[in-house]
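Open the model in your viewer and keep the selection box handy. We will go from stop to stop, and each one tells you what to pick next.

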Amino acid sequence: MLARAQAGDHHAFAHLYSLHKRRIYSLCLRMVGNVAEAEDLTQEAFLQLHRKIATFRGDSAFSTWLHRLSINVVLMHLRKKGLPLMSLDEAMEPSYDDGPGRSFGAPDLSLTGSIDRLALERAVAALPAGYRLIFVLHDVEGFEHNEIAAMLDCSVGNSKSQLHKARLKLRDALRQSLRKGGKR
């Protein structure tokens with residue numbers, strides 16, 4: 001299938017697109033947090049793939065190469081947008097939004113899971129870009145550290161370290177969220 005797509009077979013490329021579009025979209029959405037931007041970036045990633053598929057040499061898995069290409073598209077978008085980017089070695093304290101004031105009455109238990117999910121999504125969104133990228137690739141997308149290292153051109157140890165730091169920041173953010181919510 002890949003060889004046919006590299007040779008210019010549009011049906012083979014369409015098949016590759018259908019196989020990988022959900023994971024690429026998910027990656028873009030997790031990185032930018034905006035549905036419209038994620039859709040545009042997914043489209044841009046596959047346009048880049050179409051332009052560059054002939055350059056794939058097979059040194060790594062195709063999915064690893066495609067994810068690296070997609071990550072580059074997202075990072076270029078963030079640079080153009082003027083958002084501050086951080087290297088994987090930099091750390092920055094996330095800023096926390098003040099949540100809504102405490103309401104009176106008993107907590108609505110039917111909303112507890114939704115609130116927890118929203119708190120997690122906010123905490124992930126507040127992570128520095130490098131931490132968020134490693135967290136999404138490993139804990140959400142399911143890539144192994146060696147695959148992430150190949151995608152991001154870093155060491156396996158760096159990937160593990162960044163994931164550990166991201167998880168620590170998430171724990172702190174979720175603890176603060178619980179305190180603000182008055183649950184503990």
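Select E141 to begin: in this predicted model, E141 counts as buried, at 10% relative accessibility. Now add R23, whose side chain meets that of E141 in a salt bridge (3.2 Å, N to O). The pair links distant parts of the chain, with R23 in helix α2 and E141 in the loop between α6 (129–140) and α7 (145–152), 118 residues apart. R23 is partly exposed, with a relative accessible area of 33%.

Next, pick helix α3 (residues 35–52), where confidence is highest in the chain, at a mean pLDDT of 94. Show its side chains: E37, A38, L41, T42, A45, F46, Q48 and L49 are the buried ones. They lie on the same side of α3 because they cover an arc of only 165 degrees around the axis. Display α2 (10–32) and α4 (62–81) as well, since the buried residues of α3 pack against these two helices. Turn to the other side of α3 and you will find D40, Q43 and R51 exposed.

Stay with R51, which forms a salt bridge with E44, the closest N and O atoms being 3.8 Å apart. E44 is partly exposed, at 29% relative accessibility. Then move to the start of α3, where a side-chain oxygen of N34 comes within 2.9 Å of the backbone nitrogen of A36.

For another salt bridge, select R57 and D59 (2.7 Å, N to O). R57 is exposed, at 69%, and D59 is exposed too, at 61%.

Finally, select residues 90–105, where pLDDT stays under 50. Where pLDDT is low, the predicted coordinates should not be read in detail.

Terms used: Residues numbered from 1 in each chain as written. Predicted model: local features only at pLDDT ≥ 70, side-chain atom pairs only at ≥ 80, totals over all residues. Heavy atoms only, no water. pLDDT = per-residue confidence, 0-100. Helix = DSSP H or I, 4+ residues; strand = E, 2+ residues; numbered from the N terminus. Contact = heavy atoms within 4.5 Å. Buried < 20%, exposed > 50% of the residue type's maximum accessible area, 1.4 Å probe, protein only. Arc of directions from axis to C-beta. Polar contact = N/O pair within 3.5 Å; in protein donor to acceptor, adjacent residues only side chain to side chain. Salt bridge = Lys/Arg side-chain N within 4 Å of Asp/Glu carboxyl O.
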